[in-house]
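Student: Could we go through this model together, asking at each step how a term is justified?

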Amino acid sequence: MVLVDAQLVAVALVTICVGAMAMRMARRTSSVVRRLGKNGQEMVALRHRSGAACDVYLHGATVSRYAVPNGHEVLWVSSGAVFNGSKAIRGGVPLVFPQFGPKADELLGITSMSQHGFARTSKWSVRSAEVRLNGDCQVVLTLEDSEATREKFPHKFSLLYTVSLNETCLRTALKMTNMDKATVAPQALLHTYFATDEVAQTRVSGLDGVSYYDQLADETDAQHGDVSFCGETDRVYERGDKLVISCEGQRAVTEIAVEATYVEEFGESGSSATPFAPDVVVWNPHVSKAKAMSDFDDDGWKRMLCVEPGILNKNRPKIAEGNSVILSQTITYIP
Ligand SMILES: O=P(O)(O)OC[C@H]1O[C@@H](O)[C@H](O)[C@@H](O)[C@@H]1O
């Protein structure tokens, strides 16, 4: 008799919990809202009905937050990050375009530009912000050449950045179109800062056997096994499309699927899309470099790593007039 009562109570409790969850899910709807964020800076807040959330600042088109439905924050943002439009946001996903690093390489045909180019410090415009029919959230931001950009980079271009959020993943895709008669070979990076509990215990897999250029040692080497972090790390891997970040002793992993595509337009006869291998930068500043950066919290390097899909190397496509290159990453956190 006692057993029957206990069973009844258990069944009633499960029914109440499931009912409450169903009501919560039913009440939730997805939303994509333009509003003011930190320091009154313009941003777009994407909220998926599953509980997944993403914030995108118009300054630099920087994704500053990605939380999955269980509340876990996937991206790292420095506590010293500056949100007033005066510099790139230190964390999230700043965009690098049209130059990687402090110096322009010869394919760019320019003499000087600030480190990592101007996309991450430019104010982008919102082309569209919507909840799609299936409940997914999406914002499309644009940046076009202006007098100011042409002074540094004498090309007409159009950038379209699409950020899409659903229950399982965040996708960010940068489409770079050459609007000029002359061909152009810009560099680009989705400079993604991932959060981790302890970088010394963190591994990046998917790069075994891939050649890389070590920016600190100024030499080329090949990766053996997973990438681990025991000091300052700054490497440009020559390809990487399926990467996984894991932390020792934890079941959760973050998967990153990277794609790069050259899109050739044929006017009325349509277009063709040819995939090519993207580069990947892996970066952690460790103690002294973190200290040297005014917007990087001193201990922050222990809880972050950058895995940055990019188009950087000398064999990157030269984009002909009207054609485009699309660089995308799909980030899936598996708890
Ligand atoms: O301080 P910044 O300009 O944001 O750059 C951060 C890092 O960005 C990485 O992509 C580079 O490989 C590093 O060399 C650089 O230090």
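**Ligand shell and strand pairing**

Tutor: In this predicted model, the ligand is surrounded by Ala88, Gln115, His116, His191, Gln215, Asp234, Val281, Trp283 and Glu308.

Student: What makes residues of the shell around the ligand nonpolar, polar or charged?

Tutor: The residue type decides: Ala, Val and Trp count as nonpolar, Asp and Glu as charged, and the others as polar. On that basis the shell divides into three nonpolar, four polar and two charged residues.

Student: Why is strand 20 called largely enclosed by the rest of the structure?

Tutor: A residue is buried if 20 or more other C-beta atoms lie within 10 Å of its own. Five of the six residues of strand 20 (residues 279-284) are buried, and therefore the strand is described as largely enclosed.

Student: How do you know that strand 16 and strand 20 pair?

Tutor: Pairing requires at least two bridges, and strand 16 (residues 233-237) is joined to strand 20 by five bridges in the antiparallel sense; among the partners, Arg235 is matched with Val282 of strand 20. Strand 20 also pairs with strand 21 (residues 304-311), again antiparallel and over five bridges, and here Val280 has Pro309 of strand 21 as its bridge partner.

Student: What makes strand 1 and strand 4 edge strands?

Tutor: Four strands form an open, antiparallel sheet in the order 1-2-3-4, and strand 1 (31-36) and strand 4 (62-67) each pair on one side only. Neighbouring strands of this sheet are turned by 15° against each other on average, direction ignored. Within the sheet, strand 2 (residues 42-47) and strand 3 (residues 53-57) run antiparallel and are joined by five bridges, with Met43 standing opposite Tyr57 in strand 3.

Technical notes: Residues are numbered from 1 along each chain as its sequence is written. This is a predicted model: local features need pLDDT of at least 70, side-chain atom pairs count only at pLDDT 80 or more; totals for chains, interfaces and linings use all residues. A residue is near a molecule or strand if its C-beta atom, placed from the backbone, lies within 6 Å of it. A residue is buried if 20 or more other C-beta atoms lie within 10 Å of its own, exposed if 12 or fewer, and partly exposed in between; C-beta atoms are placed from the backbone. Helices (H or I, at least four residues) and strands (E, at least two) are DSSP runs, numbered from the N terminus. Axes are lines fitted to C-alpha atoms, for helices over the stretch in contact, and angles run from 0 to 180 degrees between N-to-C directions.
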